[in-house]
Amino acid sequence: METIKIKYFDNEIDKVEKISKGDLIDLRSAETVHLKKGEFHLIPLGVGMKLPDGYEANIVPRSSTYKNFKVLQTNSFAVIDNSYSGDNDQWLYPVIAMEDTIIHKNDRVCQFRINKIQPEIEFEEVKYLDDVSRGGFGSTGKA
């Protein structure tokens with residue numbers, strides 16, 4: 001079992017916990033945010049973490065984030081590497097509002113998981129790749 005050290009920047013939000021359903025862990029807004037349509041905001045998540053060596057965190061929206069708050073994550077997929085673990089390194093969630101909206105303090109707005117970091121790799125230039133071509137973008141069909 002791996003251990004994640006966590007610092008709370010806000011004592012009024014619920015503590016982070018692994019729930020029994022699903023593999024990702026919910027994160028909460030550490031402030032109430034009023035957004036107008038088209039407005040960008042970095043939502044503070046009220047936590048900072050020191051991950052196990054060899055891991056990074058990936059932050060993505062919850063499946064209900066757009067339905068509940070009408071916001072989209074601006075970078076689609078956030079990566080927090082283990083070097084972002086200083087005493088003042090609070091995790092943030094970058095969003096853009098698609099409609100006027102309010103996100104209340106302690107609302108669950110996103111989720112994260114940890115993954116092993118990419119191993120060392122090298123590139124070998126070749127003139128040809130050996131596999132058969134699949135036929136382009138979307139080549140596996142619609143169904």
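**Group meeting: a pocket, a sheet and an arginine**

Hi everyone, let me start with the pocket: the largest one in this structure has a volume of about 340 Å³. Before I go on, please keep in mind that this is a predicted model.

So what lines that pocket? There are 13 lining residues, and those nearest the centre are Glu-2, Ile-4, Lys-18, Ile-25 and Phe-112. If you sort the lining by class, you get eight nonpolar residues, five charged ones and no polar ones. And which element gives the largest share of the lining? That is strand S11, with three residues.

Strand S11 leads me to the sheet. Please find the open sheet of four strands on your screens; the order is S2-S11-S6-S8, and the pairing is antiparallel. At the edges sit strand S2, residues 25–28, and strand S8, residues 78–80, and each of these pairs on one side only. From one strand to the next, the twist averages 35°.

Now look at S11 beside S6. Strand S6 covers residues 55–61 and strand S11 covers residues 108–116. How many bridges join the two? Seven, with the strands running antiparallel. One residue here is already familiar: Phe-112, in S11, is the bridge partner of Ile-59, and Phe-112 is also among the residues nearest the centre of the largest pocket.

Let's move to the edge strand S2, where we find Arg-28. What does Arg-28 touch, once its neighbours within four places in sequence are set aside? The list is Asp-14, Pro-44, Leu-45, Asn-106, Asp-107, Arg-108 and Val-109. There is also a C-alpha separation to mention: Arg-28 and Val-47 are 19 residues apart along the chain, and their C-alpha atoms are separated by 9.1 Å.

From that contact list, I'd like to pick out Asn-106. Where is Asn-106? In the loop between strand S10, residues 101–103, and S11. The backbone oxygen of Asn-106 is 2.7 Å from a polar atom of the Arg-28 side chain. The side chain of Asn-106 has a partner too: one of its polar atoms lies 2.8 Å from the backbone nitrogen of Asp-14. Again leaving out neighbours within four places in sequence, Asn-106 is in contact with Glu-12, Ile-13, Asp-14, Arg-28 and Ser-29.

If you want to follow this yourselves, click on Asn-106, then go to Arg-28 from its backbone oxygen and to Asp-14 from its side chain. Asp-14 also appears among the contacts of Arg-28. That's my tour, thanks for listening!

Definitions and conventions:
Residues numbered from 1 in each chain as written. Predicted model: local features only at pLDDT ≥ 70, side-chain atom pairs only at ≥ 80, totals over all residues. Heavy atoms only, no water. Pairing = 2+ DSSP bridges. Helix = DSSP H or I, 4+ residues; strand = E, 2+ residues; numbered from the N terminus. Axes fitted to C-alpha atoms, helices over the stretch in contact; angles between N-to-C directions. 1 Å grid on protein atoms, 1.4 Å probe; cavity = no way out; pocket = protein on both sides within 12 Å on 5 of 7 lines; lining within 4 Å. Points joined across faces, edges and corners; volume = space filled by probe spheres on them. Nonpolar A, V, L, I, M, F, W, Y, C, P; charged D, E, K, R; others polar. Contact = heavy atoms within 4.5 Å. Polar contact = N/O pair within 3.5 Å; in protein donor to acceptor, adjacent residues only side chain to side chain.
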